[in-house]
Amino acid sequence: MRPPTPALRLHVLTLPRDSNRWNLVSQYLRLRKDVFIDEMNWGLHAHEAAEFEQYDHFGTTYVIAEDGDTGEVVGGARLL
């Protein structure tokens, strides 16, 4: 028997329309810093705990995966 898979919530956000859920985008930007800068040592720009670049702007659509049990952002993508 396989262990149960965690429930995921998927969010599709475009700013500024979804600015009331900015916390999800903020968590996603921190996750990107953890993965791309801290783990993979890519030379990307970061400010405090978040990685962002010229493609992160109003009009960018974010697809964010949130652990349904813990509320932790576990993945995402940026659509331009």
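How many Å does the polar contact between the side chains of glutamate 66 and histidine 11 span? The legends below start with the whole chain and then come to that contact, after which they move on to other spots.

**View 1. The whole chain, as a predicted model.** Everything shown here comes from a prediction. Mean pLDDT for the protein chain is 91, with 94% of the residues at 70 or more. Going element by element, strand S4 (residues 61-67) has the highest mean pLDDT, 97, while strand S2 (residues 46-47) has the lowest, 86.

**View 2. The open sheet, in the order S1-S4-S5.** Three strands make up this sheet, and their pairing is antiparallel. S1 and S5 sit at the edges with a single partner strand each, so one side of each has no neighbour in the sheet. On average, neighbouring strands are turned by 15° against each other, direction ignored. Strand S1 (residues 8-14) pairs with S4 over 7 bridges, and S4 pairs with strand S5 (residues 73-79) over 6 bridges. Look at S4 itself and you'll find it mostly covered, with 6 of its 7 residues buried. Helix H1 (residues 22-39) lies across S1, S4 and S5, and runs at about 95° to S5.

**View 3. Glutamate 66 and its two side-chain partners, histidine 11 and arginine 9.** Back to the opening question: the polar contact between the side chains of glutamate 66 and histidine 11 is 2.6 Å. Glutamate 66 belongs to strand S4. There's a salt bridge here too, linking glutamate 66 to arginine 9 with the closest N and O atoms 3.7 Å apart. That pair connects distant parts of the chain, since glutamate 66 is in strand S4 and arginine 9 in strand S1, 57 residues apart. Is glutamate 66 buried or exposed? It is buried, because its relative accessible area of 10% falls under the 20% cut-off. Arginine 9, at 40% relative accessibility, counts as partly exposed.

**View 4. The backbone partners and wider surroundings of glutamate 66.** Arginine 9 has glutamate 66 as its bridge partner in S4, so to speak a second link for a pair that also forms a salt bridge. Histidine 11, for its part, has isoleucine 64 as its bridge partner in S4. Setting aside neighbours within four places in sequence, the contacts of glutamate 66 include Ala7, Leu8, Leu24 and Val73. Gly71 and Glu72 are also among them.

**View 5. The S4-S5 hairpin and its turn.** S4 and S5 form a hairpin, with 5 residues between the two strands. In the turn, glycine 71 has a positive phi of about 80°. Further along the hairpin, tyrosine 62 stands opposite arginine 78 in S5.

**View 6. Glycine 76 in strand S5.** How much of glycine 76 is accessible? Its relative accessibility is 43%, which means that glycine 76 counts as partly exposed. Setting aside neighbours within four places in sequence, glycine 76 is in contact with Tyr28, Val63, Ile64 and Ala65. The C-alpha atoms of glycine 76 and tyrosine 62 are 7.0 Å apart, although 14 residues separate the two along the chain.

**View 7. Arginine 78 and glutamate 53, joined by a salt bridge.** The closest N and O atoms of this pair are 2.8 Å apart. Arginine 78 lies in strand S5 and glutamate 53 in the loop between strand S3 (50-51) and S4, so the salt bridge ties together parts that are 25 residues apart in sequence. Arginine 78 is partly exposed, with a relative accessible area of 25%. Glutamate 53 is partly exposed as well, at 24%. Which residues does the wider network take in? Salt bridges with shared partners join Arg32, Glu51, Glu53, Asp56 and Arg78 into one network.

**View 8. Lysine 33 and aspartate 38, another salt-bridged pair.** Side chains of opposite charge can pair when their charged atoms come close. Here the closest N and O atoms of lysine 33 and aspartate 38 are 2.9 Å apart. Lysine 33 counts as buried, at 15% relative accessibility, whereas aspartate 38 is partly exposed, at 41%. Searching the whole structure gives 8 salt bridges.

How values were computed
Residues numbered from 1 in each chain as written. Heavy atoms only, no water. pLDDT = per-residue confidence, 0-100. Helix = DSSP H or I, 4+ residues; strand = E, 2+ residues; numbered from the N terminus. Buried < 20%, exposed > 50% of the residue type's maximum accessible area, 1.4 Å probe, protein only. Pairing = 2+ DSSP bridges. Contact = heavy atoms within 4.5 Å. Polar contact = N/O pair within 3.5 Å; in protein donor to acceptor, adjacent residues only side chain to side chain. Axes fitted to C-alpha atoms, helices over the stretch in contact; angles between N-to-C directions. Salt bridge = Lys/Arg side-chain N within 4 Å of Asp/Glu carboxyl O.
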